[in-house]
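Take a walk through this model, from one strand pair out to the chain interface. Keep the structure open alongside the text.

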Amino acid sequence: MTKMNMLQAINNALITAMTEDEKVMVFGEDVGHFGGVFRATSNLQHQFGKGRCFNTPLTEQGIIGFANGLASQGSVPVAEIQFGDYIFPAFDQIVNETAKFRYRSGGQFTCGTLTIRTPYGGGIAGGLYHSQSPEAFFAHIPGMKIVIPRNPYQAKGLLLASIRDDNPVLFMEPKRLYRASVGDVPEEDYELPLGKAEVVKKGEHISLLAWGAQVEVIEKAAEMAENDGISCEIIDLRSILPWDAQTVSESVKKTGRLLINHEAPQTGGFASEISATVQERCFLYLESPITRVCGLDTPYPLAHEKEYMPDHLKTYEAIKRCVNF
Amino acid sequence: MVNFGGVGYIRGFMVDERNHLSDVGISHKVNVIDKGTVDIPMLQILQPDGSVHSDADMPEIDKEAALKIFRTMHYIRVLDERMVGAQRQGRISFYLACSGEEASIIGSAAALSDNDMIMSQYREQGALAYRGYRTEQFMNQMFSNKLDPNKGRQMPIHYGDKALNFMTISSPLGTQIPQAAGYAYGQKMAGNEALTICYFGEGAASEGDFHAGLNMASVLNCPVIFFCRNNGYAISTPANEQFSGDGIASRGLGYGIKTIRVDGNDVLAVYLATQKAREIALKEHCPVLIEAMTYRLAAHSTSDDPTGYRSKEEEQKWRVKDPVQRFENWMKSKDWLDEEQHKQFVEQTRQEVLAAMKKAEQVDICEIDDLINDVYDAPPWHLKEQLSELKKHISLYPEAYPKTSGRIRHD
């Protein structure tokens, strides 16, 4: 075990994958010599050469289009989009190409080896265009997997699983935690399962569900609630698509209550999908309405960032409302 | 051919000569066109030491105009230096200097009319200052306070001012390029004697929006100046990893756009090139592409350190081509520079920037009610509901939201 922050864990996973399989190639804006604007790809070019780790021209649609072609040829591209906010020029390539290659060709051609890495999320004074959490847009696309880690250990294991999974994966990295989250990470190769949520902490009265950087927010809120005698079960969803309805439903059947927290705006956010499914599966077990604590339905603001964020205080208040319903 | 009930016609029967296939010459040999077939020279008037090339076209420029350009250059140097410092002190979260590119930005802005729309990328504070943006306005934006007309919603340096015809900056790269074509088309249709200038870097020119925008402007005859600051780097990525062709200028030719390549560190050349481009764009109702060859002496922003991707020697090579010094030498040769007065101006500017900074950081951010304004023309029910819940919450934990909690009005 080594203490790593999330960037180091991601870097370590990329080195592991590139060492094990020479078909793995890493590219994107500034990822080459410089090692990426966050340094997630540090030293990869030095270690594996310019052919396998390289800068691309500044064009997200180009990066993903190129990656789709490369994946369909059988290579294993790990493409970086510098900020989740800048993924939208590639939306057509992802929605109409990455996700549909396999289906439209009857399984003859696929982009299954593709992994798209992108930092997302707020809390870093990034304003409108360095803060967004676009997971719900991509959750609407059959054919994609979406994975979000909450800490360095999860980041390495989930990224390795994503690179090796035979489906295209959008791997979203909570940039607020890049350097802030530090933990023990094994040096050796390991994978964590895709499509599986993790119960981080057992509890009795309410299930709290989040992913990425918001997991520590619900943990903090749960601590406050524990002081009031409210026992919270904490679940990290980890995969947005396909998501682990079973683990979540089992938890809700036990606690009778569910709170979902995400940074993205509430309307059309992934919490909506979870709520619909859970009420279908757990209707008779519910003691209170499923509660969402989310970003507001505004663009992501700078000056009012603190007020906008679905923080631990809003979550704590929502827990109490839910339990006292 | 599209066939409707037996009547065939060719789509777009008003065929323009520039894409009429019958005009293509015929060769009976395999003719491979290689790089460098078209030589695109760079307009230079001032030599690096500030002396004038003897055979150079000279722009018409009087002392007053030259002084305004010169002072704006120095104003921006002071602003950049102070704000990079302010970022390091933690007073603002982000800054982005334009050192090395002052001639490109200010020289081009000086050749425009105040009615022309400026759509910038994000490094064109010099154009804004030239238009008359005041120090306090720069500060209000950078400190995200309630006096910023953009209401403190974006990161520092994302200026925007309708009164000065300066479109609010958007961080995503290249999005302004097709927008500029559309804006210019509207100006033409409205019969305005005005055009749009659109700034971007050579990195942004790799975005799909660049190609879409230039093609649209060319086909739809839009009076727009596409002004590319080819400053050698897109964050860490050098131009030779960005494109293999002959810069950005060669692409203008491909889209049938009149193109000028200019020494971006020569303010007189930039001024003349932009004047010429403006004249053509308005007279002929067409886009013009200018590629200014320059160098980003600054870091990309306060978020990166150039020592990680380029050498001091390379930077030094460009420092000797410093556009401000070059212009200063020319000003002196014309005897248009009163050094004592200039020193005073720089010192005054320093004091003004410091004072304005101190003032702006004391001003409150917008009230919380402004969070939901401008999402739509008027806030719909769900935003009103979310705001009302938020205000109740802030009142419950006032110390957690100190910037707004003292000014909550419950309706």
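Which residue in β13(A) does A:L209 stand opposite? In this predicted model, the partner is A:I260. The strands around that pair are β10 (residues 206-210) and β13 (residues 258-265) of chain A. They pair in the parallel sense, over 3 bridges.

Now widen the view to the sheet. It is open and has 5 strands, in the order β9-β11-β10-β13-β14 of chain A. The pairing is mixed. At the edges lie β9 (198-201) and β14 (291-295) of chain A, each of which pairs on one side only. From one strand to the next, the twist averages 25 degrees. Helix α8 (residues 214-227) of chain A packs on this sheet. The helix touches β9, β10, β11 (232-236) and β13 of chain A. Its direction makes about 175 degrees with that of β11(A).

Next, the domains of chain A. The assignment gives domain 1 (2-185) and domain 2 (198-323). Their centres, taken over C-alpha atoms, are 26 Å apart. In the contact, 28 residues of domain 1 of chain A meet 27 residues of domain 2 of chain A. About 2,000 Å² is buried between these two domains, and carbon and sulfur atoms give 57% of that area. The count between them is 3 salt bridges. One salt bridge joins the side chains of A:E198 and A:R150, at 2.8 Å from N to O. There are also 17 residue pairs in polar contact between the two domains, both residues at pLDDT 80 or more. On the side of domain 1 of chain A, the elements giving two or more residues are α6 (135-139), β6 (145-147) and α7 (152-164) of chain A. The largest share, 4 residues, comes from α6(A).

Chain B is also assigned two domains: domain 1 (63-360) and domain 2 (368-407). Here 36 Å separate the centres, again over C-alpha atoms.

Finally, the chains meet. The contact takes 46 residues from chain B and 38 residues from chain A. The buried area between them is about 3,400 Å², with 62% from carbon and sulfur atoms. How many salt bridges does the rule find across the interface of chain B and chain A? It finds 1. The side chains of B:E241 and A:K50 meet in a salt bridge, at 3.9 Å from N to O. Polar contact links 15 residue pairs across this interface, both residues at pLDDT 80 or more. On the side of chain B, β7 (237-238) and α12 (381-396) are the elements that give two or more residues. The largest share of that side, 7 residues, comes from α12(B).

Conventions. Residues numbered from 1 in each chain as written. Chains lettered and ligands numbered in written order. Predicted model: local features only at pLDDT ≥ 70, side-chain atom pairs only at ≥ 80, totals over all residues. Heavy atoms only, no water. Domains from an automatic or database assignment. Pairing = 2+ DSSP bridges. Axes fitted to C-alpha atoms, helices over the stretch in contact; angles between N-to-C directions. Contact = heavy atoms within 4.5 Å. Buried area = accessible area lost by both parts, 1.4 Å probe. Salt bridge = Lys/Arg side-chain N within 4 Å of Asp/Glu carboxyl O. Polar contact = N/O pair within 3.5 Å; in protein donor to acceptor, adjacent residues only side chain to side chain.
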